[in-house]
Amino acid sequence: MKSLLTMVAAGALAAGPALADLMIPDLSYRTGPFAAGGIPFSDGYQDYFALLNARDGGIGGVPVRVVECETAYNTERGVECYEATRGDNPLVYQPLSTGITYQLIPRATADGIPLHTMGYGRTSAVNGEVFSHVFNYPANYWDAASVMINVLLEENDGSLEGKSITLLYHNSAYGREPIRTLETLAAQHGFTLNLLAVDSPGQEQGNQWLTIRRERPDYVLFWGWGVMNQVAIQEAINIRYPLENFIGNWWAGADHDVASAGQAAAGYRALNMNRLGDMPVFAEIQSHVIDAGLAAGDGTNLGSVLYTRGMYAAMLAAEAIRTAQEIHGVADITPAMMRDGMEALELTNARMEELGMPGIGPEFAVSCADHGGTGMAIMTQWNGTEWVTLSEFIAPDDSVTQPLVMEDSLAYAAEAGIEPRNCTDS
Amino acid sequence: MPDQLIFAMEVTLNGLLNGVMYALVALGFVLIFKASGIFNYAQGVMALFAAMTLVGIQQGRVPFGHLINEIFGTNIHYFGWEVPALAAIALTVLVMIGFALLVQRFVFKHLVGQEPIILFMATIGLAYFLEGVSDLMWGSEIRNLDVGLPQGINDVIDAATFDLFGYGFFIDNLDISAAIVAGILVAVLIAYAQYTKNGRAMRAVADDHQAALSVGIQLNYVWVLVWSLAGIVALVAGIMWGSKSGVQFSLSLIALKALPVLMLGGFTSIPGAIIGGLIIGVGEALFEFAIGPMIGGATENWFAYVLALVFLVFRPQGLFGEKIIERV
């Protein structure tokens, strides 16, 4: 009789309404050639939500449910992950791949699910009038290119006239993103821009580095990912290129990128969209998540460059959820409400301090028209044993990037048959 | 001498040395194909597995550490000792021989007499299985591989060419080491095949399975031997490529560079793998140097296949492959 009653009770529970949760898909890559970058990002992304669940009972009292799906950084698998999870009320996708992002933009927009492509993806998604469901705050590739040139301008007394700059890039949608901005900047500042493409995955760059050795450009800007990063840094060391003049973007400045070269890579610089170093939130993650056995990984990535970025991305998603909950007055929000929350997101220094991440990123506010944030980035440098911060957050030249954003986004709107929203009323 | 000619000479030399690196991967394919008719799709993953195992042993890592910790709630990652490079290489060779035994025992023994396409499909399965095992066994992080090979510009060549041409050539010491190792490896493999009992058995099996069986040669034994040799070649390739980029999962993709080499050199010739590698290495380097800048660069990957296809049109069996004549 007791077991019968238990079964009846269990059946009644199973038949009742499902418990509310906030579903966050994590399109991760823990396998394949790009796993070394995918693992720490995913660990940071998941561990922050695990912290909110363990410490606060979720967001607004509703637990977060992270659903991880392995993409192996493969566009087709990324789309499969989207298709497999889109029916589960996902609040926001973080595809972590420019290729996957390009495929998901029309699908997610049609499904009413927001995308957050933080520091990657389609740059012109900054224009919220065209890309209603795509957000790429706090910075994008064109910002990165502009910030790099601003840094070089400052180091060269405001003039790059007559200088030669080579862009060494991954021959993919990702790697080609900054070319237009750099061409515009080259025309504006009078430097010569040379383009050197490297085919994926980038294990072979011998010919490109022979070219660099012959031409001795003043600076090499670098858009790499995966094994391409480690090989490029090693090749730069091999040809004795001055490493302080070799500058990577924020996807080419992680711990594992310099690990194999170690001390020999000292001097190599890279941008970062978030601050590095210890933060109070790490101690909380250690005690509530890692020590409690709730971590996504083994906990060894805590505090690394890409772990910190994954955590930052999760924090931005969590803050957008809070904003959406406040706007709509419900805790169990829908993807449409999440989109509203992302569009109204405002991140202040006081709030970052409160979250245990003081100054992790610049202050910014998202709006209907501007989905891109400030575009600011810091310059970091590998000193042989760790990444150190060289600068405060540096602003890009919006007068260069903004016209390009408008031109590209409006071209996309015309091509995709999108009638841009009017944001002036909101 | 015109600058462009001097640069082309530097590019050619580097192309030749790159070609040696490709040939190192292609050699493993040739060994297995020659003896068993199997196109081993898993050769690239074997290089990855061998290099991961070498680094794991060197650093005293606990194999399957993540899995053990997950199941038993422990936090063990290292044994607490480090193994010298040569001893670690020797132990890795033993692991690769063990792998060959397992592959033969559990996979190919059961597929004797099957169509080549079935055997090929089995190696695809093996590749993905081995990739997963590597991940479980050693993790996905990038490992630094240091077996004492010199790396960086060779100053002697730099200075000598500067005296000659007024421009110092860049030649990587690691590439020179790879060329020397490849030369020794090929000489040892050829000598082994020509002058040892096992080598003669391998050649007999390669020529005719049935005839070899009829004179008492054990097919299983020879196949284990061949897979072991391919495992050792994979280890050498893994060391050379892993020294450049760290040992990481993209190492498995180096197999893609071996395919045009095989198409060009032939699937059954050890010297063919070397010559094929050199032609592909020089061909793609010179094409990238001369034509690449006009068409956006990054031509190496596809041009290697175009070059191989051109050779295929005129010599379908490859430069050194055996011409197969089948009577109808």
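In chain A, R216(A) sits in the loop between α8 and β7 (219-223). This is a predicted model, and the backbone features described here are two positive phi angles outside glycine, at R216(A) and at N89(A), together with cis peptide bonds preceding P138(A) and P201(A).

**Positive phi angles**

- Although R216(A) is not a glycine, its phi is positive, at about 45°.
- R216(A) counts as exposed because it has 11 C-beta neighbours inside 10 Å, and a residue is classed as exposed if 12 or fewer other C-beta atoms lie within 10 Å of its own.
- N89(A), also a residue other than glycine, has a positive phi near 60°.
- The loop that holds N89(A) runs between α3 (75-85) and α4 (98-111) of chain A.
- N89(A) is partly exposed, since 16 other C-beta atoms lie within 10 Å; this class falls between the exposed limit of 12 or fewer and the buried limit of 20 or more.

**Cis peptide bonds**

- Y137(A) and P138(A) are joined by a cis peptide bond with an omega of about 5°.
- P138(A) belongs to the loop between β4 (134-135) and α5 (141-155) of chain A.
- A cis peptide bond also links S200(A) to P201(A), and its omega is about 5°.
- P201(A) is located in the loop of chain A between β6 (192-198) and α8 (206-215).

How values were computed. Residues numbered from 1 in each chain as written. Chains lettered and ligands numbered in written order. Predicted model: local features only at pLDDT ≥ 70, side-chain atom pairs only at ≥ 80, totals over all residues. Helix = DSSP H or I, 4+ residues; strand = E, 2+ residues; numbered from the N terminus.
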